[in-house]
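Welcome, and please open your viewer. We will go from stop to stop, selecting a few residues each time and looking at what is there.

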Amino acid sequence: MNMNIREFYFKQVRPNLQKKLGLSNPMAVPRVKKIVINVGAGEAVMNRNVLKNITEQITVITGQKPIITKARKAVSAFKIRKGFPIGVKVTLRGKKMYDFLEKIIKIILPRIRDFHGIDTKSIDRSGNLNLGFREQTIFPEIEFDKIDKIRGLQVTIVTNCRNWEKGLLLFKELGVPFKN
């Protein structure tokens with residue numbers, strides 16, 4: 001079985017889900033719409049080079065240049081003013097999205113130390129899967145020598161599912177490992 005996750009979805013997962021959910025329209029079958037990778041960098045307020053380093057790392061990880069997110073409102077306790085750059089995010093769609101999803105399922109998750117599966121609570125009520133990684137070094141593209149600081153990142157896999165059950169069913173069919 002030497003097929004990528006996109007082919008696997010269209011040839012096996014989609015027909016299985018359509019049969020299980022009793023859907024007549026193949027467009028109503030749950031699918032992944034986009035993947036959003038987000039890195040917050042509070043220390044960017046003090047050091048402007050932080051965002052440049054994060055942008056380079058996320059570009060290497062995703063193959064797409066991220067946008068710099070700005071603060072929506074001022075928070076005096078953190079010395080943040082409205083409009084300050086405080087993080088980066090990238091939205092993946094199409095081929096890059098499927099490639100990144102395959103990388104997460106087949107390479108990244110098995111590399112996590114003491115990994116026993118994703119908790120089903122990681123799926124929200126809209127059927128989207130939210131994953132938080134404590135460090136960017138679990139991605140094989142990142143060279144450990146070039147890292148200035150270990151940072152976490154948030155990955156949200158957005159689906160067109162309307163509820164938690166359909167989301168869980170979709171991710172199980174795609175091969176995402178969940179805790180028993």
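Begin by selecting Glu165, which sits in helix α4. Helices here are DSSP runs of H or I with at least four residues, strands are runs of E with at least two, and both are numbered from the N terminus. Is Glu165 buried or exposed? Glu165 has a relative accessible area of 52%, so it counts as exposed. The scale is this: buried means under 20% relative accessible area, exposed means over 50%, and partly exposed lies in between, with a 1.4 Å probe and protein chains only. Now add Thr137, 28 residues away along the chain, and draw a line between the two C-alpha atoms: Glu165 and Thr137 are 32 Å apart.

A word on what you are looking at: this is a predicted model, where local features need pLDDT of at least 70, side-chain atom pairs count only at pLDDT 80 or more, and totals for chains, interfaces and linings use all residues. Residues are numbered from 1 along each chain as its sequence is written, and side-chain values use heavy atoms, leaving out hydrogens and water.

**The whole chain**

Zoom out and switch to a cartoon view. You should find four helices and five strands, arranged along the sequence as α-β-α-β-β-α-β-β-α. The C-alpha trace spans about 55 × 35 × 30 Å along its principal axes. Of the 180 residues, 42% count as buried. Among contacts (heavy atoms within 4.5 Å) with a separation of 6 or more, 66% join residues 24 or more positions apart.

**Helix α4 again**

Return to α4 and select Gly167, Leu168, Leu170, Phe171, Glu173 and Leu174, which are buried. What lies over them? The cover of these buried residues includes α1, β1, α3, β4 and β5. Just after α4 comes Gly175, with a positive phi near 100 degrees.

**The nonpolar core**

Next, select Ile35, Ile37, Phe100, Leu129, Val155, Ile157 and Leu174. These have the most contacts inside the largest nonpolar core, a group of 47 residues. Such a core is a set of buried Ala, Val, Leu, Ile, Met, Phe, Trp, Tyr and Cys residues joined through side-chain atoms within 4.5 Å. At least two core residues come from each of α1 (5–21), β1 (32–40), α2 (49–62), β3 (85–92), α3 (94–111), β4 (129–133), β5 (153–159) and α4 (164–174). Which element gives the largest share of this core? That is α3, with eight residues. In soluble globular proteins, nonpolar side chains tend to be buried together.

Stay with Ile37 for a moment. Leaving aside residues up to four places away in sequence, its partners include Ile58, Val88, Val90, Leu92, Phe100 and Val155.

**The largest pocket**

Now show the surface and centre on Ile112, Arg113, Gly132, Phe133 and Arg134. They are the closest to the centre of the largest pocket among the 18 residues that line it. On a 1 Å grid over the protein atoms alone, a pocket is an open set of points with protein on both sides within 12 Å along at least five of seven lines, a cavity is a set where a 1.4 Å probe fits but cannot get out, and lining residues have an atom within 4 Å of a point. The volume of this pocket is about 580 Å³. Its largest lining share, three residues, belongs to β4.

Select Asp114, in the loop between α3 and β4. Its phi is near 55 degrees, a positive value in a residue other than glycine. Most residues other than glycine have a negative phi. Asp114 counts as exposed because its relative accessibility is 66%.

**The second pocket and a cavity**

Move to Asn38, Thr69, Lys70, Arg72 and Ile86, the closest to the centre of the second largest pocket among its 14 lining residues. This pocket has a volume of about 240 Å³. Four of its lining residues come from β1, the largest share.

For the last stop, select Val39, Ile54, Gln57, Ile58, Gln136, Arg151, Gly152 and Leu153, which line the largest cavity. This cavity has a volume of about 40 Å³, and α2 supplies the largest share of its lining, three residues.

Notes:
Grid points are joined across faces, edges and corners, and a volume is the space filled by probe spheres set on the points.
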